[in-house]
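Subject: The model, and what turned up in it

Hi,

Here is the structure I promised to pass on. Have a look at it first, and then read on for my notes.

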Amino acid sequence: MQRVPGGGQAALTELWQQRWPSCPPVGYKLRDPHRGVWVRFHSLPGSKRYAEDESEYTVVLERYNTVLDELFADADVYVITPLWTTEAEVPSVQPAAGYWQSLLVEDDPDPGFRTYGHLFAARRPWRRGCIDELLRDIADDKVAGVLITDTRMQRIHHPYDGGADVFLATSEERDQVRDRHADWLSIHPSGL
């Protein structure tokens with residue numbers, strides 16, 4: 001895994017702004033402005049949110065990895081992990097990834113309710129299972145807000161506890177991926 005070097009921060013930011021304009025690199029904020037290339041997959045049958053045993057964790061990881069393989073097989077990806085705080089200063093904790101940027105995600109007059117996302121990015125070759133520990137923590141809601149994207153930021157996989165929001169390069173590509181995994185979709189008309 002490679003850390004994003006200091007000069008890479010500006011390049012990453014520019015690349016993000018070109019591909020996902022007017023939207024910060026925050027998974028849940030991507031859905032509305034980019035609905036035309038978005039699809040959501042649920043992690044367990046029947047839209048069950050949390051795994052209760054190892055057989056269900058196997059299903060969760062299989063679904064995450066199947067889509068990740070389709071998007072990123074044999075390519076490098078950025079794994080972008082936020083550290084959430086109520087402080088604007090970057091925490092002194094040094095995650096395995098390099099610091100990218102900080103965002104005021106939720107503004108509130110009361111400083112105790114402001115939310116900052118301090119984003120750390122690491123470039124790594126995608127291999128099935130290479131982030132299973134992280135994906136399992138996401139499935140258990142121990143980690144939130146992770147984005148996995150190709151190095152050109154054309155496709156994004158945003159896993160969350162209960163599934164994954166996936167953003168593709170085109171609506172046609174989204175339709176193909178959606179149709180391959182139609183039994184993983186929500187029955188709700190909005191796709192949520």
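Below is what I found, going from the helix packing to the cores and then to the loops and the C-terminal segment.

One thing to keep in mind throughout: this is a predicted model.

**α3 against α4**

Start with helix α3 (residues 54-72) and helix α4 (residues 132-139), whose axes come within 10 Å and cross at roughly 115°. The crossing is right-handed. From α3, the residues making the contact are E54, Y57, V60, L61, Y64, N65 and L68, and from α4 they are D132, L135, R136, I138 and A139. By type, that contact comes out as 8 nonpolar, 1 polar and 3 charged residues.

Within α4, the buried residues are L135, I138 and A139. They sit on the same side of α4, because the arc they cover around the axis is only 100°. What do the buried residues of α4 pack against? They pack against α3 and also β7 (156-160). Just after α4 comes D141, with a positive phi near 60°.

**The cores**

The largest nonpolar core has 27 residues, and those with the most contacts inside it are F41, Y64, L68, F72, L135, I148 and V166. At least two residues each come from β2 (38-42), α3, β3 (76-85), α4 and β8 (163-167). Which element gives the most to this core? That is α3, with 8 residues. Y64 and L68 of α3 and L135 of α4 also appear in the helix contact described above.

F41 deserves a click. Leaving out residues up to four places away in sequence, F41 touches V67, Y160, G162, G163, A164, V166, V177, R178, H181, W184 and L185. Another core, of 19 residues, lies apart from the largest one, and V26, Y78, A121 and M153 are among its members.

**α5**

Helix α5 (residues 171-180) has E173, R174 and V177 as its buried residues, so two charged residues are in that set along with a nonpolar one. Here too the arc around the axis is only 100°, which puts the three on the same side of α5. E172 and D179, on the other side of α5, are exposed. The cover over the buried residues of α5 includes β2 and α3. V177 and R178 are both among the residues that F41 touches.

**Loops with positive phi**

As background, most residues other than glycine have a negative phi. Two loop residues are worth checking with that in mind.

- S47 has a phi near 60°, a positive value in a residue that is not glycine. S47 lies in the loop between β2 and α3, and its relative accessibility of 38% makes it partly exposed.
- D74, also not a glycine, has a positive phi of about 60°. D74 is in the loop between α3 and β3. Is D74 buried or exposed? Its relative accessibility is 70%, so D74 counts as exposed.

**R31 and the segment after α5**

R31 is in the loop between α2 (27-30) and β2. Buried means under 20% relative accessible area, and R31 is at 17%, so R31 counts as buried. Setting aside residues up to four places away in sequence, R31 touches W38, R40, D165, F167 and L192.

That last partner, L192, lies in the segment after α5 and is partly exposed, at 35% relative accessibility. L192 and R40 are 152 residues apart along the chain, yet their C-alpha atoms are separated by 6.7 Å. With the same exclusion of sequence neighbours up to four places away, L192 touches R31, W38, R40, H42 and S186.

L185 is in the segment after α5 as well, and it is partly exposed at 25% relative accessibility. In sequence L185 and P45 are 140 residues apart, while in space they are 9.4 Å apart, C-alpha to C-alpha. The contacts of L185, again not counting residues up to four places away, are V39, R40, F41 and R178.

If you open just one view, I'd pick F41, with V177, R178 and L185 among the residues it touches.

Cheers

Key
Residues are numbered from 1 along each chain as its sequence is written. This is a predicted model: local features need pLDDT of at least 70, side-chain atom pairs count only at pLDDT 80 or more; totals for chains, interfaces and linings use all residues. Side-chain values use heavy atoms; hydrogens and water are left out. Axes are lines fitted to C-alpha atoms, for helices over the stretch in contact, and angles run from 0 to 180 degrees between N-to-C directions. Helices (H or I, at least four residues) and strands (E, at least two) are DSSP runs, numbered from the N terminus. A crossing is left-handed if the near helix is turned anticlockwise from the far one by less than a right angle, and right-handed if clockwise. Contact means heavy atoms within 4.5 Å. Buried means under 20% relative accessible area, exposed over 50%, partly exposed in between (1.4 Å probe, protein chains only). The arc is that of the directions from the helix axis to the C-beta atoms. A nonpolar core is a set of buried Ala, Val, Leu, Ile, Met, Phe, Trp, Tyr and Cys residues joined through side-chain atoms within 4.5 Å.
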